[in-house]
Amino acid sequence: AVAEMAREGRALLLAGSEEPFAGQDLPGSLRPLALILVQDEIRKDAPQTLRFFAEQGVRLKVISGDNPVTVSGIARRVGLPDWDKYVDVSKLSDDQLDEAVANHAVFGRVSPQQKMRMVKALQAQGHAVAMTGDGVNDVLALKEADCGIAVASGSDAARNVAHLVLL
């Protein structure tokens, strides 16, 4: 059930134990108390916007530090082609990442340094790269992209390195 829920959003398991915590280790007698699903709110016009970009020949990629199954589920909900062909970047070498960025559209468990590497790999493949981000974890990639686009509600760091800020 948790894996299925992860496709629709973030699945959180709340657990409890009568045993106290010992250092950094979890108590051995954990029992589940609740399973909670948290979904990102998707703008109604998002699928239409993605279709427009695809019609203009723009190759879209979704890159996130989140679980790749969750990222794939969001990509499905917005209508991204190949949403089901996701990659767990935490398991890839640098060379494998360079190859994957050319052949996939959905990436999860991506570090800030890997986001920047992905931008550089796409540029090396002859692409002009626009990157949209809102957090400190996006700063390196926003700075490296040909066009860095920050979201106004995001972090100061992202807005400061971006070429454009979406209001």
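Me: Let's start with a bridge. Which residue in S8 is the bridge partner of Ile149?

Reply: Leu164 is the one: it sits in S8 and is the bridge partner of Ile149. Keep in mind as we go that this is a predicted model. The general idea is that strands of a sheet pair through backbone hydrogen bonds, either parallel or antiparallel. Here, S7 and S8 run parallel and are joined by three bridges.

Me: OK, so in what order do the strands of that sheet come?

Reply: Read it as S6-S7-S8, an open sheet of three strands with parallel pairing. S6 and S8 (164-166) are the edge strands, and each pairs on one side only. From one strand to the next, the twist averages 25°.

Me: There's another sheet, I take it. What is the strand order of the one that holds S3?

Reply: That open sheet also has three strands, and the order is S3-S5-S4, with parallel pairing. Mind the numbering when you trace it: S5 stands between S3 and S4 in the order.

Me: Why is one side of S3 and of S4 left without a neighbour in the sheet?

Reply: Because S3 and S4 (86-88) stand at the edges and each has a single partner strand, one side of each has no neighbour in the sheet.

Me: Down at residue level, how many bridges pair S3 with S5?

Reply: Two bridges, in the parallel sense, with S5 covering residues 106-108. For a residue pair to click on, try Val62, which stands opposite Val106 in S5.

Me: What about helices? Which strands does H3 lie across?

Reply: H3 lies across S3, S4 and S5, and it runs at about 145° to S5. The angle compares N-to-C directions on a scale from 0 to 180 degrees. A handy residue to look at in H3 is Ser72.

Me: Is Ser72 buried or exposed?

Reply: The cut-off for buried is under 20% relative accessible area. Ser72 has 4%, so it counts as buried. Leaving out residues up to four places away in sequence, Ser72 touches Trp83, Asp84, Tyr86 and Val106. Val106 is also the residue opposite Val62.

Me: Now the part I'd look at for docking grids: what is the volume of the largest pocket?

Reply: About 2000 Å³ for the largest pocket. Its lining has 41 residues, and the closest to its centre are Leu50, Lys61, Val62, Thr132 and Gly133. Among the elements that give two or more residues to that lining are H2 (46-55), S3 (62-63), H3 (68-77) and H5 (112-124), along with S6 (130-133) and S7 (147-151).

Me: How many residues of that lining are nonpolar, polar and charged?

Reply: The count is 23 nonpolar, seven polar and 11 charged.

Me: And what volume does the second largest pocket have?

Reply: About 190 Å³. Its lining includes Ala54, Val58, Arg59, Lys61, Asp82, Lys85 and His104. By class, that lining divides into six nonpolar, two polar and four charged residues. Lys61 turns up here and also among the residues closest to the centre of the largest pocket.

Me: Zooming out, how many helices and strands does the chain have?

Reply: Seven helices and eight strands. The C-alpha trace spans about 55 × 35 × 35 Å along its principal axes. Of the chain's 167 residues, 29% count as buried. Taking contacts with a separation of 6 or more, 37% come from residues 24 or more positions apart.

Technical notes:
Residues numbered from 1 in each chain as written. Predicted model: local features only at pLDDT ≥ 70, side-chain atom pairs only at ≥ 80, totals over all residues. Heavy atoms only, no water. 1 Å grid on protein atoms, 1.4 Å probe; cavity = no way out; pocket = protein on both sides within 12 Å on 5 of 7 lines; lining within 4 Å. Points joined across faces, edges and corners; volume = space filled by probe spheres on them. Helix = DSSP H or I, 4+ residues; strand = E, 2+ residues; numbered from the N terminus. Nonpolar A, V, L, I, M, F, W, Y, C, P; charged D, E, K, R; others polar. Buried < 20%, exposed > 50% of the residue type's maximum accessible area, 1.4 Å probe, protein only. Contact = heavy atoms within 4.5 Å. Pairing = 2+ DSSP bridges.
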